[in-house]
Amino acid sequence: MLPPDALSRAVVEIEKHVSSAGWDQPAQLFALVPTEELLRAEPQLAAELGAEDASQPLTPVAQGELPGGVEDDHLADTLGRIEWPDGVAGCALAIERIVLPAAAESGLSSVESDTELARLAGSDPRRHEVRMVAAVLREGGRFGAVRLRAHDEDSAVLTGIDLVPTLCEVLSLTFEPSVGSRSGEGPGVDGVSNDEEKRP
């Protein structure tokens, strides 16, 4: 049984780890594995990931960049094709986006192409660049973190259960069985390369 703060601690750790590499990064997916089980089943992998003990209840395991497009209209499809092995208790996604205030968004409703929309949003002086980390547990827990590029300090990171609800909803699709799929396909804990580190 995971402690109540296991997911929030994992999100904070992932956000700090991703932020240590700076901005303008691709979307990154992480499996969340119970540390005690990882130490028992894969002690060598646990050591490579820096999980020497179970003081951190969940160990994030980097899965690399997401395959295919991760623009908003492709993200749900991409994540919906992922299935986690039974040993994975949750997953997390770190992704950067440009957000605009509601007044600015209403003026973009007539733009037809995604490329033009991205260009206009990226040049709007009211824009905010943000990094969002969303995480869900197989059993239903959710947590998120948001860092503004304009306030790029650990102390200014916002966290909360309902902070990135849509992203959490999309991530939860990875734990729903898909019709006609074979169990165990998709990213897993096994086969993580040595350069996919978890801890800063």
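1. Let's start with a cross-strand pair in this predicted model: Leu-29 sits opposite Leu-93, a residue of E3. The two strands involved are E1, covering residues 28-34, and E3, covering residues 90-99; they are joined by 5 bridges and run in the antiparallel sense. As a reminder, the strands of a sheet pair by way of backbone hydrogen bonds, in either a parallel or an antiparallel manner.

2. Zooming out, E1 and E3 belong to an open sheet of 6 strands, ordered E2-E1-E3-E4-E5-E6, and the pairing is antiparallel. Strand E2 (58-65) and strand E6 (158-160) form the edges, each pairing on one side only. From one strand to the next, the twist averages 20°.

3. Which helices lie across this sheet? One of them is H1 (residues 6-19), which lies across E1, E2, E3, E4 (128-137), E5 (142-148) and E6, at about 145° to E4. Another is H7 (residues 165-172), lying across E1, E3, E4 and E5 and running at about 40° to E4.

4. The length of H1 is worth a quick check. With 14 residues and 1.5 Å a residue, H1 should span 20 Å, and its end C-alpha atoms are indeed 20 Å apart, so the two agree.

5. Is H1 mostly covered or mostly open? Mostly covered: 11 of its 14 residues are buried. Among them you will find the aliphatic-looking names you might look for, Leu-7, Val-11, Ile-14 and Val-18, but also Glu-13, Glu-15 and His-17. The buried residues of this helix pack against E1, E2, E3, E4 and E5. When you look along the helix, keep in mind that an α-helix has 3.6 residues a turn, so residues three or four places apart point the same way.

6. Now the cysteines, in case you are thinking about disulfides. How many are there? The count comes to 0. The cysteine sulfur closest to that of Cys-91 belongs to Cys-168, and at 9.2 Å it is too far away for a bond, given that a disulfide needs the sulfur atoms within 2.5 Å. Cys-168 is likewise in no disulfide, with the sulfur of Cys-91 as its nearest cysteine sulfur.

7. Are these two cysteines buried or exposed? Cys-91 has a relative accessible area of 0% and is therefore buried. Cys-168 counts as buried too, because its relative accessibility is 1%, and the cut-off for buried is under 20%.

Note on methods:
Residues numbered from 1 in each chain as written. Predicted model: local features only at pLDDT ≥ 70, side-chain atom pairs only at ≥ 80, totals over all residues. Heavy atoms only, no water. Pairing = 2+ DSSP bridges. Helix = DSSP H or I, 4+ residues; strand = E, 2+ residues; numbered from the N terminus. Axes fitted to C-alpha atoms, helices over the stretch in contact; angles between N-to-C directions. Contact = heavy atoms within 4.5 Å. Expected span 1.5 Å × (residues − 1). Buried < 20%, exposed > 50% of the residue type's maximum accessible area, 1.4 Å probe, protein only.
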